Amino acid sequence: MQLVASRKLKIAYAIALLAAVLPMGLASSGWVALAMGGGVGIPYVGPIVMLLLGAYRVITVIANPQALISFPVKGVARVLRMTGVFALYIGAAVGMLNLLSRPLMALFLTQKTESGVEFFVAGMILVALGGIGVLGLLCFELSRLLGFEEHARSQVPRQI
């Protein structure tokens, strides 16, 4: 028996993945990137590769109905799956909030400081919360991998 991912889970997966690889909203601010250690290594190569890999995975998940199929799991893998799905939904919500962060900040802030520190703080919080989506992606995919491995072990005939 295989488990098929729901449309909601696929959308949350895609949004969390895009939020992880696509700099957007306040989290893409230059000051936030500098504070988080951005710009290390060869400029633009790493982000472009991550963006291409992320876009490929999002297209695969959305276009292929079989993309997130997995086998039922138990024990630690089940906990990983539940944690991953929960974190994916939180990561998708944070990704959408990050996308809408600039207009929301402009709407809710009537008095802006001269330095604009409120935008920096909001961007830092969004970057920190964005890690929840990455954690969700890792936990969910690890649970899928463990399910496939368990299924493969059960299919191998035992020697007598």
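What does the protein chain average in pLDDT, and how many of the residues score at least 70?

**Figure 1. Confidence across the predicted model.** This is a predicted model, and its protein chain averages a pLDDT of 81, with 86% of the residues scoring at least 70. Among the elements of the chain, helix α4 has the highest mean pLDDT, 92. The lowest mean, 54, belongs to helix α2, which covers residues 30-35. A friendly word of caution for browsing: where pLDDT is low, the predicted coordinates should not be read in detail.

**Figure 2. Tyr13 and Phe140, an aromatic pair between helices α1 and α6.** The structure holds 2 aromatic pairs, and this view takes in the one formed by Tyr13 and Phe140. Their ring centres are 6.2 Å apart and their planes meet at 70°, so the pair is edge-to-face. Tyr13 sits in helix α1 (residues 7-21) and Phe140 in helix α6, so to speak two distant parts of the chain, 127 residues apart, linked by the pair. Is each partner buried or exposed? Tyr13 counts as buried, at 4% relative accessibility, and Phe140 also counts as buried, at 3%.

**Figure 3. Phe71 and Phe148, an aromatic pair between a loop and helix α6.** Here the ring centres of Phe71 and Phe148 lie 5.2 Å apart, and the planes stand at 90°, so this pair too is edge-to-face. Phe71 belongs to the loop between α3 (45-63) and α4 (76-99), while Phe148 is part of helix α6, so the pair ties together parts that are 77 residues apart in sequence. The two partners are worth viewing for their surroundings as well. Phe71 counts as buried at 9% relative accessibility, whereas Phe148 is partly exposed, with a relative accessible area of 33%.

**Figure 4. Leu137 and its contacts.** Take a look at Leu137, a residue of helix α6, which spans residues 117-155. With 10% relative accessibility, Leu137 counts as buried. Which residues does Leu137 contact, leaving aside its neighbours within four places in sequence? They are Tyr13, Ala16, Leu17 and Leu88. Tyr13 is also the ring partner of Phe140 in Figure 2. Gly91 makes a useful landmark in this view: its C-alpha atom is separated from that of Leu137 by 9.0 Å, and the two residues are 46 apart along the chain.

**Figure 5. Ala92 of helix α4 beside Ala12.** Ala92 is found in helix α4 and counts as buried, at 8% relative accessibility. How many ångströms separate the C-alpha atoms of Ala92 and Ala12? The separation is 5.2 Å, although the residues are 80 apart along the chain. Beyond its neighbours within four places in sequence, Ala92 is in contact with Ala12, Ile15 and Ala16. Ala16 is a contact of Leu137 as well, as shown in Figure 4.

**Figure 6. Helix α3 and its buried face.** Helix α3 has 19 residues and reaches 27 Å from its first C-alpha to its last, close to the 27 Å expected at 1.5 Å a residue. Which residues of α3 are buried? They are Gly54, Val58 and Val61. Seen down the helix axis, these buried residues fall within an arc of 65°, so they line one face of α3. On the other side, Leu52, Leu53, Tyr56, Ile59 and Ala63 are exposed. Helix α1 is included in what covers the buried residues of α3.

Conventions. Residues are numbered from 1 along each chain as its sequence is written. This is a predicted model: local features need pLDDT of at least 70, side-chain atom pairs count only at pLDDT 80 or more; totals for chains, interfaces and linings use all residues. Side-chain values use heavy atoms; hydrogens and water are left out. Helices (H or I, at least four residues) and strands (E, at least two) are DSSP runs, numbered from the N terminus. Buried means under 20% relative accessible area, exposed over 50%, partly exposed in between (1.4 Å probe, protein chains only). Contact means heavy atoms within 4.5 Å. Rings of Phe, Tyr and Trp (its six-membered ring) pair if their centres lie within 6.5 Å; planes under 30 degrees apart count as stacked, over 60 as edge-to-face and the rest as tilted. The expected span of a helix is 1.5 Å times one less than its number of residues. The arc is that of the directions from the helix axis to the C-beta atoms. pLDDT is the predictor's confidence in each residue, from 0 to 100.
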